Amino acid sequence: MSNLDALKEICAGLEEEGVLYAIFSGHPDTTDDLTSKASDATKASIQTYHAIDIANARILAHNAANHSRLHVGIGINGKSAAMQMRNCPADKPVFQIETDNPREYRNLGTNAARAVKGVMFI
Amino acid sequence: MEDNMKILAAVDIGNSTTEVCLAEENESGKIRFISTASIPTTGLKGTVSNVTGILAALEDAITQAYSNTPSHSASHVHVNKPVQPTNHAYSHNPSWPITHIRINEAAPVIGGAAMETITQTVVTESSMLGHNPKTPAGAGTGYGKTICIENLSKAATGESYILVVSEKTSYNEAAALINQAKDISITGAILQQDEAVLVYNRLNKKIPIIDEVRDICKINEGIETAIEAALPGQAIGMLSNPYGIATLLKLTPEETIHVTPIAKSLIGAKSAVVMKQPINAPPAHHKTAKNSSPQKIGKIYIEGNKSIAIDFNQGAKSVMQAIESAGHITDIQSEPGTNIDKMLTKAVSSMAALAPSGKEPQIRDLFAVDTFAPVAISGALAGEISLEKAIAVAAMVTAGRLPMEAIAHELATKTGIYTTVVGVEPVMATLGALTTPGSGFPIAMLDLGGGSTDAAIMNATGQVKSVSLAGAGELVTMMIQSQLGLSSRQTAENIKKYPAAKVESMFHIRLENGEVIFYEDGIDPRFFGSIVVLSPAGMIKIDEEQPIEKIVSIRQDAKRGVFVDNAIRAIKKLTADAGPAGKIKHVILVGGSAEDFEIPGFLSAAFADMGMVCGRGNIQGKLGPRNAVATGLIMGYAGEDI
């Protein structure tokens, strides 16, 4: 499963829950592709950050959470993705997955949205 | 002095715990409490297997009393040879300093509880689906014939359709297909997956969409269907109204009457689907649409000072009035084959083992309370539930005399200590309650247990009257479990015992009273966003999603409904011949349910309104409501002596 496919599933999870999100990527292709498909309702502000640290999904998630206005971030790197909430220790993501199963990426997005809403995780 | 010092041990074997109390009596007959212990009862109460627990409890009490360092213990604690902590594992003949063991004569009454729903919602003429998906999309109503998305190409142009989308079609494909079918009137969609918002966001023409319908394969094509999604913050308005359903599905007045149970059970839903034909309904049921019809519960025949027959269909209040006017009850029979018969059999079945052999257990008291229970609706698609009326009863049964002498004999053999069976349980509990600072004659003792509420009153001359009533902690647990629709009894028990809280972030929880607690090391993500109860061992998650306000109100209503009503009933019964509420000034609460974090408060408030002082007992001025009977056994001994 490519990072782009994982990202799509995560975004679907977020969108179904109605939570706004922004994508930052080290890969220009990723964002172009998503910009064309993103719906108006999502109003996602998509930007490209080439210099982003793509070393580790956990670090990405931690940084994303600390920059997010909603205090929640997701990092995707290789076969791994992590969800983190602001002020949580960087080495302890709320969720971390390493899988090829699209359903788990969808759930990661859903749970990130639920973290924002304060609703029980699935 | 040392030779004259007697060490007394009192033992109270309860249904769940065995409590002991150690005291010493000096040569002038003065009693001083030394220590207490409490250990889970081993085996069924009143059987010889209790001895194991008694020995462990005595061991515990002795260790507490005598293994302290001599420097800060009172000197006379050491008059007898202390058991060294190194000798911890007791033999069958321990060198305990005890001179006399007293076991209470356990009350030969036991309570049990059962409940039964008395209404039922069956939907057969139409099928319905009124669940609460977290994220439906769109708002408003739609009407049309069902059609699967795979067959959209065969749709006719003049017709209205409700689209059925199984998990085989992704949200992208579904949205694309709907957008393509411009000429076909699609007024709504039902999805199997949780993708309503995803589809909705991609539609050119917006329609209401309901998702998370797991059993979507049960929906046939070509069925007239109405669908509704509510505006944010609101509940549906058309499909929760019988005339709304009639409007959308073009029903006749006769058909409208039949959809009333559907409308009723959809009140408050965020989204709903109603179909004009049953889905896979067994043909035999086709014309038997039941309309939340109340079932016959049956009659009971109360034998007492007055013999009364009362029909449960008149409601729990009328039943309780009949119980009250019957006075002293000798037995209660139920109409054979009825629901109440089933319930009473269930309530007393657990106690049958303790009934005198060859005799059917006689019911000495009954407590009935109206309640409700969420029940799955037959004819519904997604496991929808409807709140049905229910009745809960607790019954009190006279058991045979428990073989306490056998226990005493076994204990005496194993310890070599003189052991006697003494005292009537409520009297002992009252004597124990009297050690509460501030209490005085005339006193009432309320022992709030699991199976029964026992009460006794005592005046200054030592005259005692006692009564055991059905209905206590177990009934409360049962009501909480049924009203919240909990799958496990343990969850109900936890909700009863501990305050509820909502986990609001990874670092804090908000308690039901608004108080906030922070956790420095973070909270396990499993708990995030959920309702938990705060046990001393930590948070316990409640798996069923319920608003915290509902949990709190159901819990408190159940406690009030059982304990406050029963306490007042008990005191009334005991003081019936002494004028209104007698001259009782003090009401002391003891027993397991008196340790509850809010029940004593409810009772204090209720009795304060009646001009009585009521509160949780504080046995020996330090033990809280525990150990009343064991302490009473010691007090009783002192009374005999003096």
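A polar contact, as the word is used on this tour, is a pair of N or O atoms within 3.5 Å, and within protein one of the two must be able to donate a hydrogen and the other to accept it. With that in mind, and remembering that this is a predicted model, begin where the two chains meet.

**Stop one: where chain A meets chain B**

Show chain A and chain B in two colours and select the residues in contact, which number 21 from chain A and 23 from chain B. Between them the two chains bury about 1800 Å², and 57% of that area lies on carbon and sulfur atoms. On the side of chain A, select E15(A), E16(A) and M120(A), which lose the most area to chain B and together make up 39% of what that side buries.

Next, look for charged pairs that cross the interface, where the rule finds two salt bridges. For one of these, display the side chains of R202(B) and E15(A), which meet with N and O 2.6 Å apart. Counting polar contacts in the sense given at the start, there are eight residue pairs between chain A and chain B, with both residues at pLDDT 80 or more.

Which helices of chain A each supply at least two residues of the side that touches chain B? Select α1 (3–16) and α4 (102–117) of chain A, for each of them does so, and note that α4(A) gives the largest share, with five residues. If you colour this side of chain A by class, you will find nine nonpolar, three polar and nine charged residues.

**Stop two: within chain A**

Over all chains, a search of the whole structure finds 22 salt bridges. One to select inside chain A is the pair E17(A) and R114(A), whose closest N and O atoms are 3.5 Å apart. E17(A) sits in the loop between α1 and β1 (22–25) of chain A while R114(A) belongs to helix α4 of chain A, so this salt bridge ties together parts that are 97 residues apart in sequence.

Now move to N87(A), which you will find in the loop between β4 (80–85) and β5 (95–98) of chain A. Its phi is near 75 degrees, a positive value in a residue other than glycine.

**Stop three: a three-stranded sheet in chain B**

Turn to chain B and select β14, β13 and β15, which form an open sheet in that order with antiparallel pairing. At the edges stand β14 (308–311) and β15 (329–334) of chain B, each with a single partner strand, so one side of each is left without a neighbour in the sheet. From one strand to the next, the twist averages 20 degrees.

Looking at one pairing in detail, strand β13 (residues 299–304) of chain B runs antiparallel to β14(B) over four bridges, and within this pairing I302(B) has I308(B) as its bridge partner. Then add helix α7 (residues 316–325) of chain B, which packs on the sheet and touches β13, β14 and β15 of chain B, its direction making about 170 degrees with that of β14(B).

**Stop four: a five-stranded sheet in chain B**

Further along chain B, select the five strands of an open sheet with mixed pairing, taken in the order β21-β20-β19-β27-β28. Its edge strands are β21 (464–470) and β28 (613–616) of chain B, each of which pairs on one side only, and the twist averages 15 degrees from one strand to the next.

Focus on β19 (residues 443–448) and β27 (residues 586–590) of chain B, which pair in the parallel sense over five bridges; here L446(B) stands opposite L589(B) in β27(B). Two helices can then be added to the view. Helix α14 (residues 599–609) of chain B packs on the sheet, where it touches β19, β27 and β28 of chain B, and its direction makes about 175 degrees with that of β28(B). Helix α13 (residues 548–574) of chain B lies across β19, β20 (452–458) and β21 of chain B, and runs at about 145 degrees to β21(B).

**Last stop: a cis peptide bond**

Finally, select P442(B), in the loop between α10 (425–433) and β19 of chain B. The peptide bond that leads from F441(B) to P442(B) is cis, with omega near -15 degrees.

Notes
Residues are numbered from 1 along each chain as its sequence is written. Chains are lettered from A and ligands numbered from 1 in the order in which they are written. This is a predicted model: local features need pLDDT of at least 70, side-chain atom pairs count only at pLDDT 80 or more; totals for chains, interfaces and linings use all residues. Side-chain values use heavy atoms; hydrogens and water are left out. Two strands pair if DSSP finds at least two bridges between them. Axes are lines fitted to C-alpha atoms, for helices over the stretch in contact, and angles run from 0 to 180 degrees between N-to-C directions. Contact means heavy atoms within 4.5 Å. Buried area is the accessible area (1.4 Å probe) that two parts lose on being put together, summed over both. A salt bridge is a side-chain nitrogen of Lys or Arg within 4 Å of a carboxyl oxygen of Asp or Glu. A polar contact is a pair of N or O atoms within 3.5 Å; within protein, one must be able to donate a hydrogen and the other to accept it, and residues adjacent in sequence count only if both atoms are side-chain atoms. Ala, Val, Leu, Ile, Met, Phe, Trp, Tyr, Cys and Pro count as nonpolar, Asp, Glu, Lys and Arg as charged, and the others, Gly among them, as polar.
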